[in-house]
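Hi,

Here is the structure I promised to pass on. Have a look at it first, and then read my notes below.

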Amino acid sequence: MSSGINPNPSVFLLMLNGQIESGEFPDFDELYCKFSFHHGQDWVVTSGLEEGISQITRRSRDERELFVWNFPLDVTYKSTNPHGWPQLVVSCYGPDSFGRDVVHGYGSMHIPMVPGKHRVKVAMFVPVSTSKLQQITSWLLGRRPEFVDPKVVAQGEGREVTRVRSQGHVTVTCNIVTRDLKKLGYDLQPSDVTNIPVATMT
Amino acid sequence: AEYNGYNQQVEKEKVNYFIPSSLPPEAASKVEEDAQPRYLEDEGFYVGEKPIVLQQNTNILENRLIKHGGRGWFGSDGQVDSLPNPVAEMATKPWVDSLDELDPCVETVYVKAQPRNVNLYIIQNQVSDENELQIDIGSINFIHHSLMSREHVLASNITMMYDEYRMIRHKNYITFYTDKLAALRNAVETLKETLGVVKYPTALQKSRINDFTAEIRRTTQQLSTAESSERDMMRQIINEWEAIKSLREEQGYNNTSVRLVVKKEEVNYQHDLNNWETEVAHQVDERRAEYDVIILSAHQEEMRKYQVQLQEWKQNRLKMKRIRKRMQRGSKENLLDPSSEVAIADIIKPDKPPPFDDVTVKNEVMNDLIVNRRNPGEARISLELTHTTTITPTPSVPPSEANRRRAMQKTSSNLRVLFNGREVFQTEPKILSSDFKLNFGSIFRVRIAQWPESLKVELLTSGLVSKSITSTFYLDIPPTTVHSGNVRLGVSGFTSNKVESHTHEGVGSGTPFTLRTNETNPTSLNTKGQLISSVSWSLDANGRVLAPKGLVEREDPISGANPLKSNDPVIAIGAERLQDPESLTKWVQESRLDPNDPENAALVPFMQGNKDGDVFLTQDYFRLEQLQEEFNFITEEEFSRLNRFRLLRLRHEEIPEFRNISMLPCNEHEVTESAFTAYERRLKEKDVVKMERGVDGDRIEVLKFRQNVKDAVLHRFYTSRHHYSLQDMVHEEQVPDIGTLGASIVKIAEPRRPLKPVRKTRKKAMSQNLTEGSVRILVNVVRGYNIPTRQASHSHQPDRRGEVQVGGAMAASSLRVGQHLDPSSKSYLVAPFVAASFQDATVTTSVAQGPSPSWNEELQLPFCAPNSDYNASNLQKVDDVLFIHLFDRVTEDATPTNTEDTATIITRVQNHWLGSYELPFSTIYQRGKIDGTFKIKVPPVLLGYNLEREIVLYRLKLSLKYQSSGTYLTIFVTLEPVLKPMDPPKLKFESQEDVSLLRRCVTYLADCNKRYPNRNVKTTVIDIKGESVLITRFVRPLPPPPELTEATNTNTIITLEKIARFVSLIPFVSDNVTYAGICDLWSTCDQFMQMLCGDEEEHAILLLNYFLHLGKQAYLLLGTAVPEGNTAYVLTVDHNEYIIWNASTGEYHDKSDPHSPLQSVGALINDTNIWFNVQTQDTPMRVRYNVTRMSDWKAFFPITATPLPSIQPESLYYPPTDQSYVANLIDAVERTLKDRIVSWRPRHITRWNRSGNSILRQIVKGLEERVSRKTGVVNTGHNEQLLSQLGDVRFTGYPMDQPYTGVEAVVSAVRSTEVHKIQDPDVEFSMAVHIHAYPASVLAVWVYVAAIVNRRRHDL
């Protein structure tokens, strides 16, 4: 039997495992996060979870004030076309000061393309209310403005009508393994590092 | 602290602060004292283009520099001294955005300090030792130097002139032109000789001679110019030499070794004279020839014309005379007719040109020759500049000159080369030679690690104490192709702006002096010189060029390494719009580009273009986005050829077949050709459809029109779909007002009712979770009403004749249906069952009994979306139809009666179609569920069945009785799981309505929706152009086709029925299907008639407009109905009789008809107003239709104003339908149907009963007339009469009618009746097709199909 290595592959594989490590959100005490992957038409999840929701975590009682989730991500993609490279969409929710569940941030990142270990800091943001009055009522009623679909943060279309405010960061670490990309002609490694003319003179 | 007043503060600040002024500083303060700013550009030097800096900022900077005494910052031109382009191309420091995650590439690393050997020429470089520049410094020639004496200046001048002279001499134009002239003349001679033989030269030969003479003339001219310019040059040199000589004499010593030797070549005077005379003769001849050609022939031409005109005039005059004579005899009045006089003044005899004057011409030629050419006997002079004069030794010159020479000897100069602004080496200092040359002759190699940006050369002059920079200039970084193997020494000029003046004989630099004694104006010259040098890339031992790799790609105008420049100079300067080389040349010459600007180097050929008389031509191709090719991914050709890219592109364009392809293959060879077959077939079919309909011009027009409208609407939709509003993106709670707050409070206070069930909404399935086969259509068939019953069976009665008499009009006695029924089966009249078919799948209920059966069964039908795409936008377009057929199951004994085996009874089961009901999938999908009792469409004649049952259940008016009759089914249809219908796109369409009107619409709608959110009301609708139009503008009385109204009283119900029938025959196509759920488009009546398709509202509007024209009181009724949902009906009011018309079916109901499909009344509309139903009840039965009651109806316009101008046309044009086309169509339909029926019965022989055909044809022709009249009782009397001629037959068949949309629609309707499924071996078929043509190509298709079993044969 063959050893499983196909000399003429027709798909390439992209494997991500890692975790949504922690978040930095000032002014909140408890948070949980949801994640989902957003990908193009030529991508198929072969194994792993495409969507998930984490436990609720409390802010650490030290000067770092971290929200640690350590929520594992493990997904393997099969694809034929790098267009529509998968993106991780993270949205954080948590109770506000009245104990109502409100959104505390949306953020997205592309899965790193280069194999290896990556640590990505995802900036999180929320849409803001259209007027002061709405801001007050949304605060009173605990109905903050939310994106209709969290996946809009992975798309460019329609974003121009929204106004957002930054909320914090989420740190995601991921290990990337790819297979057969180079055989299909997609070279993701940076070209020969030594040949880059360096603008230093000694 | 102590308080100081404001003024004091200002005073203090004035002392301590310096605020640079933003006004331009004085020019004088920027340059050296007593020097004027120079303008290098005016002197012909390239200065480059500096980046644009705000003048204000420049001024502030300059003022600040001046304040701190920084005169050295300024160049001689008064500008801040800077590189030609001081903008660095690369950021020196990469951007760091966060400190804790620093990129290791740019991290600061501690490195121990190392002592650096400054003497090293070679740049240390650990990264790469590959890049090496080789700089060859040859020598420097000073054209002017401050230490030059006047004699030197003159010598320098004469040297330059001599160089030029030598150049001209080298090219030897004179000999060239002389030879050319001789050759040309020879050619003319020979040509003339040959012509002499031939008496009449042809035009070609003549023109050749003319060409030659013209060429000779030109060459003569050129020869003269060349010779005279050479003579001028010589004269100048000799003048200069004279000046030198006089200067030497004057000063009494020689400073330069220059010496001009004039060589004279003695010539033979006689020979010369001969030559000269021949030349003169030649030229005179040529001029004469030219005169002949140009002037004489022209004159002859004119003369000829004159003669002709004169002749005409003469003839005219003769005629006039004759007329006049005749006139004298007659009336005298015509005598003085001025118009008859031809003005003789118009005919002017052309002047004879002056004759060719040999003497003058000869004199001219001779003068010309004397001035421009060497005269006979004049010696041939050639000049030679030698350096043989001995320079007077220093002791014997005056002290001032001796001082100069001493100063010269003291002056030594060297060159310093700076690479990227850092010194890399200096040459040895050299002392000026007496001819002002510096010979270095040294080669330097520079290893570089940095990107080559500039190579600067500084000329240092060492004075008595220190070195000073005389001049700085730049050398070009060579392109990688230039290496030490192929490089040539080049000349680069430099200049110095240093002002020097000397007490000795040296003329100085930048200071005025008198060059010649007789000159009054002093000359001032700046130090100027040329460096002869070369820069190249080194070669290593293997002959490899040691140049940085990326250099070629770099676009650096200074270095000249721009690869484009070497290819196409015109592109490189960005003048790609100049496609015409000639106009480019012109432009270059007109715009006076700086030839020293390296940017313009490419254009220099164009500048010199016309010097030699020939136009510089580049390749004559057309440039359009010539750079695009380099950015192309692959070539366009390949892009269209490769299937994978084609797939990707088609998917991107959202072509339906490809939109949902996922995992598109990665490799080209994995894409099969079959991927495109469906798409290509569709494209082909599109064309074929047009071909097929080619018979009829109207239909093609209609198709085109529909396609155009659809394209326009889709385009508008797709562009607007990508415009998002905040509501599409962000979900935000609205600010609650008092009403909603109050409602929520009330809700809290509401008593809890735990026993009241709350309807739970089913979860809607997301489209991505759906797969093939996971969606089903559920059809719950509850019960049926009033199903046609079989007519009494007469099988066992032997006397068939008698039966005919007994049967009468209603009982079709000759029809033998359900014969041999068991005695038990006689107890019921019909055995109906329901078959639901969708997408080739059919399921049936069990067989029930009796005319009012109750099934209560759930049927499941699989649903597959096209291309397995369950997206809302795709599902919207599904145009499949759910058919619900009602059949009667007839079991008959198939055992031959004469067999002896009585134990075996063979029965044959036959399904007789009774009627059907169609439900488009789009309706189910949009509405989620369809629930109600629907009228089954039953053919008007159902042979063997009793259609009419005594309907006395409802006390209806007699005229409406028959409308309420009919067969009904109660069904419930839904999808499992519920698919999420596409959200109606909230599109803001443009509108030409008044803004206040639109605002009123919005508030009116909001108000209505708040009170009764489920009631259907519209104020503005979208017309076919995609603009919002007020709905009342659609209402306008329009005359129906005259054929429908004539002959009958216009006000009877029959006319209305006819009109409704006509309207309902216009094919119905839902906007949901046509426009893919984008929007509901309303077309005007003329557009509707033109397109011949539309949905409820178009039909309703047309019907309403017809009714209004007939003077009826009618309204457009917006409401909800089953199965359509929100729909539009027409309401007519006639003496408290309210009739609701369904315009798309032509049916009408009384308002109190319980079987009316209309479920609720939302609004009434006519041409003046819109009324919204604000009554608590909205069922048509209970609504009060008096719109004047304010408490019942909310009007859009509070006061009924005059109607707004309508967008409908004044009248409709009904083109008569082409009868021959209809006849052809009948033939085509009939043929197709017959073929199809045969093909549906592959295992049986299909026989056609010809006599049956002809009978049916007669019947079918009359059907339209009767149906449109809706006389209620379908009189089949004469059917029987005709059928009796066929003898004893068993007959199953139905006439069907439908609007004509296409042959396929007719075929599928016939197929659904399942007539062809009759298994009887003796069956024969009959069929007749009739198309009733209404005006404007509205066609009603009637098909009468019948299966005939000859009973007699069977019995025998």
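Where in chain B is the place of Pro977(B)? It is in the loop between strand S25 (967-976) and strand S26 (978-979) of chain B. I start there because the peptide bond from Glu976(B) to Pro977(B) is cis, with omega near -5 degrees. Keep in mind throughout that this is a predicted model.

While we are on backbone oddities, most residues other than glycine have a negative phi, and most peptide bonds are trans. Two residues in chain A go against the phi part of that. Glu65(A) is not a glycine, yet its phi is positive, at about 50 degrees. You will find Glu65(A) in the loop between strand S5 (57-58) and strand S6 (67-79) of chain A, and it is partly exposed, with a relative accessible area of 38%. Asp180(A) also has a positive phi, near 65 degrees. Asp180(A) sits in the segment after strand S11 (164-179) of chain A, and with a relative accessible area of 13% it counts as buried, the cut-off being under 20%.

Next, a strand to zoom in on: S18 of chain B, residues 832-838. Of its 7 residues, 7 are buried, so the strand is largely enclosed by the rest of the structure. Pro832(B), Val834(B), Ala836(B) and Phe838(B) point one way from S18(B), while Phe833(B), Ala835(B) and Ser837(B) point the other way. Both sets are buried.

Which strands does S18(B) pair with? One is strand S21 (residues 881-893) of chain B, which runs antiparallel to S18(B) and is joined to it by 6 bridges; there, Val834(B) has Leu886(B) as its bridge partner. Another is strand S19 (residues 841-844) of chain B, again antiparallel, over 4 bridges. In that pairing Ser837(B) is matched with Thr842(B). S18(B) and S19(B) make a hairpin with 2 residues between them, and Gln839(B) in the turn has a positive phi of about 50 degrees.

Elsewhere in chain B there is an open sheet of 4 strands, in the order S7-S1-S13-S10, with antiparallel pairing. Strand S7 (437-447) and strand S10 (490-495) stand at the edges with a single partner strand each, so one side of each has no neighbour in the sheet. From one strand to the next, the twist averages 25 degrees. S7(B) pairs with strand S1 (residues 132-144) of chain B over 9 bridges, and Gln134(B) stands opposite Arg445(B) in S7(B).

For a helix pair, try helix H30 (residues 1219-1240) and helix H33 (residues 1303-1312) of chain B. They pack at an angle of about 40 degrees, with their axes 10 Å apart, and are therefore oblique to each other. The crossing is right-handed. Among the residues that meet are Val1229(B), Leu1233(B), Ile1237(B) and Trp1240(B) in H30(B), and Val1303(B), Val1306(B), Val1307(B) and Val1310(B) in H33(B). Charged side chains take part too, including Arg1236(B) in H30(B) and Glu1304(B) in H33(B).

Lastly, a note from the records. An unreviewed UniProt entry lists residues 1331-1349 of chain B as "transmembrane region". In the model, that stretch is 0% helix and 84% strand, and its end C-alpha atoms are 27 Å apart.

Cheers

Terms used
Residues numbered from 1 in each chain as written. Chains lettered and ligands numbered in written order. Predicted model: local features only at pLDDT ≥ 70, side-chain atom pairs only at ≥ 80, totals over all residues. Heavy atoms only, no water. Buried < 20%, exposed > 50% of the residue type's maximum accessible area, 1.4 Å probe, protein only. Pairing = 2+ DSSP bridges. UniProt positions renumbered as here; feature names shortened; annotations may be inferred. Axes fitted to C-alpha atoms, helices over the stretch in contact; angles between N-to-C directions. Parallel < 35°, antiparallel > 145°, perpendicular 65-115°, else oblique. Left-handed = near helix turned anticlockwise from the far one by under 90°. Contact = heavy atoms within 4.5 Å.
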